Amino acid sequence: MKLALSLTILALPTAAMARSEYMSQVPHAGENSCDTCHVNGGGSDRNAFGADYAQFPDWQQLFDRDSDGDGCTNGEELGDPDGAFVAGGDAPGPYSSNPADGSDCGSENSGCSVTSSSKLDGLILIAIGLLFARRRTQSLQAS
Ligand SMILES: [Ca+2]
């Protein structure tokens, strides 16, 4: 029993060191902690992003992929759409969404949501323009 406990205690720092090493390889990895790469905490199965990370541990090979298939690249979701992040450094931009959750593309800020809101802004401007054109036509017909 003492031997098993001793081996467990000796193994713990190694696991913690490995985890912190992985966390510094991806921008904003702290936002989702172990669930950045795992389904349900460290040691559980890898999620879609974790599976890609296992295959492409270099951020330069990972940032422009869309691991969860939601339309946002991993870089857009983790604040680095241009792949400028250097391992161990600060993320170039703000966190946007979980790269392993296919339902939350750009849900918080930047990334894809900017594109979506730009499209919405364009549609609103077109609608306002059509309303003004219609009012002008009606006022010209009335006079
Ligand atoms: Ca994605």
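Helices are DSSP runs of H or I with at least four residues, numbered from the N terminus. The exercises below use this numbering on a predicted model.

**Exercise 1. Overall make-up**

Task: State how many helices and strands the protein has, and what share of its residues count as buried.

Solution.
- Step 1. The secondary structure consists of five helices and zero strands.
- Step 2. Along the sequence this gives the pattern α-α-α-α-α.
- Step 3. The protein has 143 residues, and 27% of them count as buried.
- Step 4. Among contacts with a separation of 6 or more, 35% join residues 24 or more positions apart.

**Exercise 2. Three residues of one loop**

Task: Locate Ser-33, His-28 and Ala-29, and decide for each whether the residue is buried, partly exposed or exposed.

Solution.
- Step 1. Ser-33 is in the loop between helix 1 and helix 2. His-28 belongs to the loop between these helices, and Ala-29 is also placed between helix 1 (2-23) and helix 2 (48-55).
- Step 2. The cut-offs are 20 or more other C-beta atoms within 10 Å for buried, 12 or fewer for exposed, and partly exposed in between.
- Step 3. Ser-33 has 13 C-beta neighbours inside 10 Å, so Ser-33 counts as partly exposed.
- Step 4. His-28 counts as buried because 22 C-beta neighbours lie inside 10 Å.
- Step 5. Ala-29 has 22 C-beta neighbours inside 10 Å and therefore counts as buried.

Task: Give the phi values of Ser-33 and His-28.

Solution.
- Step 1. For Ser-33, phi is near 45°, which is positive in a residue other than glycine.
- Step 2. For His-28, phi is near 55°, again a positive value in a residue other than glycine.

**Exercise 3. The surroundings of Ala-29**

Task: Which residues is Ala-29 in contact with, leaving aside neighbours within four places in sequence?

Solution.
- Step 1. With those neighbours set aside, the contacts of Ala-29 are Met-23 and Thr-36.
- Step 2. Leu-78 is 49 residues away from Ala-29 along the chain, and the two C-alpha atoms are separated by 8.0 Å.
- Step 3. Ala-29 and Leu-78 both appear in the largest nonpolar core.

**Exercise 4. The largest nonpolar core**

Task: How many residues does the largest nonpolar core have, and which element gives the most to it?

Solution.
- Step 1. The core has twelve residues, including Val-26, Cys-37, Trp-59, Phe-85 and Ala-100.
- Step 2. Helix 2 and helix 3 (59-62) are the elements that give two or more residues to this core.
- Step 3. Helix 2 gives the most, with three residues.
- Step 4. In soluble globular proteins, nonpolar side chains tend to be buried together.

**Exercise 5. Helix 2 and Gly-50**

Task: Which residues of helix 2 are buried, and what do they pack against?

Solution.
- Step 1. In helix 2, the buried residues are Ala-48, Phe-49, Gly-50, Asp-52 and Tyr-53.
- Step 2. These buried residues pack against helix 3 and helix 4 (74-77).

Task: Explain why Gly-50 counts as buried, and list its contacts beyond four places in sequence.

Solution.
- Step 1. Gly-50 is part of helix 2.
- Step 2. Gly-50 counts as buried because 21 C-beta neighbours lie inside 10 Å.
- Step 3. Beyond four places in sequence, Gly-50 is in contact with Cys-37, His-38 and Ala-100.
- Step 4. The C-alpha atoms of Gly-50 and His-38 are separated by 6.1 Å, with their positions twelve residues apart along the chain counted as the separation.
- Step 5. Cys-37, under the same exclusion, is in contact with Tyr-22, Arg-46, Asn-47, Phe-49, Gly-50 and Tyr-53.

Terms used:
Residues numbered from 1 in each chain as written. Predicted model: local features only at pLDDT ≥ 70, side-chain atom pairs only at ≥ 80, totals over all residues. Contact = placed C-beta atoms within 7 Å. Core = buried A, V, L, I, M, F, W, Y, C linked by C-beta atoms within 7 Å.
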